[in-house]
Amino acid sequence: MHIPVLTDEAIDALAIDPEGTYLDGTFGRGGHSREILARLGPRGRLIALDRDPDAGEAARSITDPRFSFFRMKFSGLGALLEAERVNGMLFDLGVSSPQLEDAARGFSFRLDAPLDMRMDPSAGVTAAQWLAAAEEEEIRGVIRDYGEERFAKQIAAAIVAARARQPLVRTGELADLVAKAVRTREPGQDPATRTFQALRIHLNRELEEVSLMLPEATAHLAAGGRLAVISFHSLEDRIVKRFMRSAARPEVPRGLPLRASEMPQPVLKLVGRAVRASAQETRRNPRARSAILRVAERTAGPFDREQLRIGPGARWRN
């Protein structure tokens, strides 16, 4: 059973208009979607997205005519909405509890299973396939940059040495190999945590998808509409934070003297400070411990996608 995090805080942050149109960009098992529907009136509408086929199956249980579901990635958001403007969007990033707990998906180092890690098992290469073909330098870079792993060099070398003997095809094999390569780890954290996170992020292009989503979400918000994003690790949160802060600053040509009244209106207005789960929620749901909610509101200011488009991956790591 998936327990959505920061539910009250995220739904309140959307400031829902009962007659408005809203988007749940990460349906999961529908926890946030059901709360949004509960606050909508008869003419309200909710659009939900998720690339996971299991999420699509879960969405079938919602028969509300105000609800529609599309199985797709964030990068398809612009094409889906086309010229439509919505009154609020919520994105709960990262992997869900059901994905972690389903051994067949290969996300967890605690459950021995095929080394898959794809959010959409019908598309892309598996972790086993990628590890079998990638150069040692590429493996090291992915584990270092997406896992923020200081032992990335040792882990990559161990993977290449192991695959020369036989292919790595099970999560348990990879977890054991990493445990031997990592000399020390923070108390309470499994040695394989950062490596598994890095591979998952890389295979599913998670940071790229977030970077593509943010400008499109902003472009399709109506004036006064809210964008609420829940992140679970520093790389995601860094992208969200920098995007919102950049969009909340007016674009002023360098060296041009302007009075305060002449300043152009920014695209977004930040709403409050970043919100973390309470101690009570964290005790009830340990996954909420690392969650961060950031919220911004669309202004009536002009929007240029290219000005706010997030660049290549190197920028995420600055």
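Let's start in a loop: M117 is found between helix 5, residues 97-101, and helix 6. Please keep in mind that we are looking at a predicted model. So what is there to see at M117? This residue has a positive phi of about 75°, although it is not a glycine. For those of you new to backbone angles, most residues other than glycine have a negative phi. Now, is M117 buried or exposed? Its relative accessibility is 0%, and because buried means under 20%, M117 counts as buried.

There is another residue to put beside it. A15 has a positive phi too, of about 45°, and again A15 is not a glycine. You can find A15 in the loop between helix 1 and strand 1. The surroundings are another matter here: with 45% relative accessibility, A15 counts as partly exposed.

Let me step back to the whole chain for a moment. The protein has 14 helices and 8 strands. How many of its residues are buried? Of the 318 residues, 51% count as buried. Then there is the question of which parts of the chain touch which. If we take the contacts with a separation of 6 or more, 68% of them come from residues 24 or more positions apart.

Helix 2 is a nice place to see burial in detail. This helix covers residues 31-39, and its buried residues are H32, S33, I36 and L37. Why do they end up on the same side of helix 2? Because they cover an arc of only 135° around the axis. There is a general rule to remember here: an α-helix has 3.6 residues a turn, so residues three or four places apart point the same way. And what covers the buried residues of helix 2? The cover includes helix 1, at 7-13, and strand 1, at 21-24. It also includes strand 2 (45-50), strand 3 (67-71), strand 4 (86-92) and strand 5 (221-231).

Now let's follow three helices along the chain, starting with helix 7, residues 136-147, and helix 8, residues 152-165. Their axes come within 8 Å and cross at roughly 140°. Helix 7 and helix 8 are therefore oblique to each other, and their crossing is right-handed. Which residues make the contact? From helix 7 we have E136, I139, R140, I143 and R144. Helix 8 brings A152, K153, I155, A156, A157, I159, V160 and R163. Sorted by class, this contact of helix 7 with helix 8 has 8 nonpolar and 5 charged residues, and no polar ones.

Helix 8 also meets helix 9. The axes of helix 8 and helix 9 come within 9 Å and cross at roughly 130°, which makes helix 8 oblique to helix 9. This crossing is right-handed as well. On the helix 8 side, Q154, I155, A158, I159 and A162 take part, and they meet L174, L177, V178 and A181 in helix 9. By class, the contact of helix 8 with helix 9 has 8 nonpolar residues, 1 polar residue and no charged ones.

Let's finish with helix 9 itself, residues 171-181. Which of its residues are buried? They are T171, G172, L174, A175, L177, V178 and A181. What covers these buried residues includes helix 8, along with helix 6 at 127-133 and helix 10 at 193-203.

Thanks for listening, and please do ask me about any of these spots.

Methods. Residues numbered from 1 in each chain as written. Predicted model: local features only at pLDDT ≥ 70, side-chain atom pairs only at ≥ 80, totals over all residues. Heavy atoms only, no water. Axes fitted to C-alpha atoms, helices over the stretch in contact; angles between N-to-C directions. Helix = DSSP H or I, 4+ residues; strand = E, 2+ residues; numbered from the N terminus. Parallel < 35°, antiparallel > 145°, perpendicular 65-115°, else oblique. Left-handed = near helix turned anticlockwise from the far one by under 90°. Contact = heavy atoms within 4.5 Å. Nonpolar A, V, L, I, M, F, W, Y, C, P; charged D, E, K, R; others polar. Buried < 20%, exposed > 50% of the residue type's maximum accessible area, 1.4 Å probe, protein only. Arc of directions from axis to C-beta.
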